[in-house]
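Work through these exercises with the structure in view. Try each task before you read its solution.

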Amino acid sequence: MTKVIESIAEWRRVRQQILLEDRSVGFVPTMGNLHAGHQSLLKRSKQENATSVLSIFVNRTQFDDENDFAKYPRTFFEDYALAEAMGIDYILLPKYEELYPDSYRYRVTELMLSQGMEGQHRAGHFDGVLTIVMKLLLLVKPAQVYLGEKDYQQLQLVTEMAKAFFLDTKVIACPTIRDVNGLALSSRNNRLTVEQYQLAIRFPKLLSSQKTAAEIRQGLEQLGFMVDYVEEFQGRRYGAVRIGDVRLIDNFVVYS
Ligand code: AMP
């Protein structure tokens, strides 16, 4: 049975017991509203570790838009059912006040990779992401943490942060899970209307096409997307677009 842990003090006691029993811990940090993308990470953690821990925490410090934070779907009972069905051992459900006893006076800042793309369009986003991931890794002390390639810039930043701070956790990259039309699964997809969804599925098609970044940007704008960026970096093409108030991101390897 999946055990839900809401207090950090209780988690510390559980973690001590896991240590005494010498069980390896796999960790999947999320903001909840679980879908098949998260499920693939949890499945991999289950396969590779004696104990699997899922955290659900809608991390306010990484949102630059209060409205997006307020509207972020919170579906604990469905999430619990999924974790339970998958045999996940623990769900961490921490509270903001407990995770940020310093009121976010202390934070992790990266000065290069975090400045472009998502970082450029969402002020403070990666400070929030790196800070919460650091806090959770120090608390959970996993042997392996599982992150999705869907958020590739985040994946790269966390991987390099783990190296920079000598963390004992291995960062495992998991492939992007898509729906039948190629749209990367995201908790924000639920907010798309039927018409908006028909437009949304054109985004991964264009982004993965043979066209140049400039042509793709133009094509997306012609279709009616608001384009935040289409950029190529180290052999990968990244894009972020908005349809109404729903923001979508995606990335693909560029084959030349
Ligand atoms: P989130 O709850 O959206 O913050 O995501 C939690 C983790 O799940 C992150 O490591 C994401 O990259 C990963 N993730 C989200 N969507 C997908 C997807 N469609 N495929 C694979 N991983 C995903």
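Helices and strands here are DSSP runs, with at least four residues for a helix and at least two for a strand, numbered from the N terminus. The model is predicted.

**Exercise 1. Overall build**

Task: Find how many helices and strands the protein has, then judge its compactness.

Solution:
- Step 1. Count the elements: the protein has eleven helices and nine strands.
- Step 2. Take the radius of gyration, which is 18 Å. The globule rule gives 18 Å for 256 residues, so the protein is as compact as a globular protein of that length.
- Step 3. Look at the box around the C-alpha atoms. Along the principal axes it is roughly 60 × 40 × 35 Å.
- Step 4. Check burial: 54% of the 256 residues count as buried.
- Step 5. Turn to contacts with a separation of 6 or more. Residues 24 or more positions apart account for 70% of them.

**Exercise 2. The nonpolar cores**

Task: Describe the largest nonpolar core and state which element gives the most to it.

Solution:
- Step 1. Recall a general trend. In soluble globular proteins, nonpolar side chains tend to be buried together.
- Step 2. Size the core: it has 36 residues. Trp11, Val53 and Leu99 have the most contacts inside it.
- Step 3. List elements that give two or more residues. Among them are helix H1 (8–20), strand E2 (25–30), helix H7 (125–140) and helix H8 (152–164).
- Step 4. Pick the top contributor: H7 gives the most, with ten residues.
- Step 5. Zoom in on Trp11. Leaving out residues up to four places away in sequence, Trp11 touches Ile5, Ile18, Val53, Tyr90, Leu92, Leu139 and Val140.
- Step 6. Look for another core. A second, separate one has 19 residues, including Leu199, Ile216, Leu220 and Ile243.

**Exercise 3. Empty space**

Task: Find how many cavities of 30 Å³ or more the whole structure holds, and describe the lining of the largest cavity.

Solution:
- Step 1. Recall the method. Rolling a probe the size of a water molecule over the atoms shows where empty space is left.
- Step 2. Search the whole structure: one cavity of 30 Å³ or more turns up. The largest cavity has a volume of about 70 Å³.
- Step 3. Name some of the lining. It includes Ile5, Glu6, Ser7, Trp11, Leu99 and Leu136. H1 and H7 are the elements that give two or more residues to this lining.
- Step 4. Sort the lining by class: nine nonpolar, one polar and one charged.
- Step 5. Now take the second largest pocket, with about 300 Å³ of space. It is lined by 17 residues, and Ile56, Phe57, Val58, Arg74 and Pro94 are the closest to its centre.
- Step 6. Sort this lining too: nine nonpolar, three polar and five charged residues.

**Exercise 4. Two residues**

Task: Decide whether His38 is buried or exposed, then do likewise for Val145.

Solution:
- Step 1. Place His38: it lies in helix H2 (residues 36–48).
- Step 2. Apply the cut-off. Buried means under 20% relative accessible area. His38 has 15%, so His38 is buried.
- Step 3. Find its partners. Beyond residues up to four places away in sequence, His38 touches Thr30, Gly32, Asn33 and Ser187.
- Step 4. Place Val145 in strand E5. Its relative accessibility is 1%, so Val145 counts as buried.
- Step 5. Find its partners under that sequence limit: Val145 touches Phe27, Pro29, Leu137, Thr169, Lys170, Val171 and Ile172.
- Step 6. Set sequence beside space. Val145 and Glu160 are 15 residues apart in sequence and 13 Å apart in space, C-alpha to C-alpha.

Conventions: Residues numbered from 1 in each chain as written. Predicted model: local features only at pLDDT ≥ 70, side-chain atom pairs only at ≥ 80, totals over all residues. Heavy atoms only, no water. Core = buried A, V, L, I, M, F, W, Y, C linked by side-chain atoms within 4.5 Å. Buried < 20%, exposed > 50% of the residue type's maximum accessible area, 1.4 Å probe, protein only. Contact = heavy atoms within 4.5 Å. 1 Å grid on protein atoms, 1.4 Å probe; cavity = no way out; pocket = protein on both sides within 12 Å on 5 of 7 lines; lining within 4 Å. Points joined across faces, edges and corners; volume = space filled by probe spheres on them. Nonpolar A, V, L, I, M, F, W, Y, C, P; charged D, E, K, R; others polar. Rg over C-alpha atoms; globule rule 2.2 N^0.38 Å.
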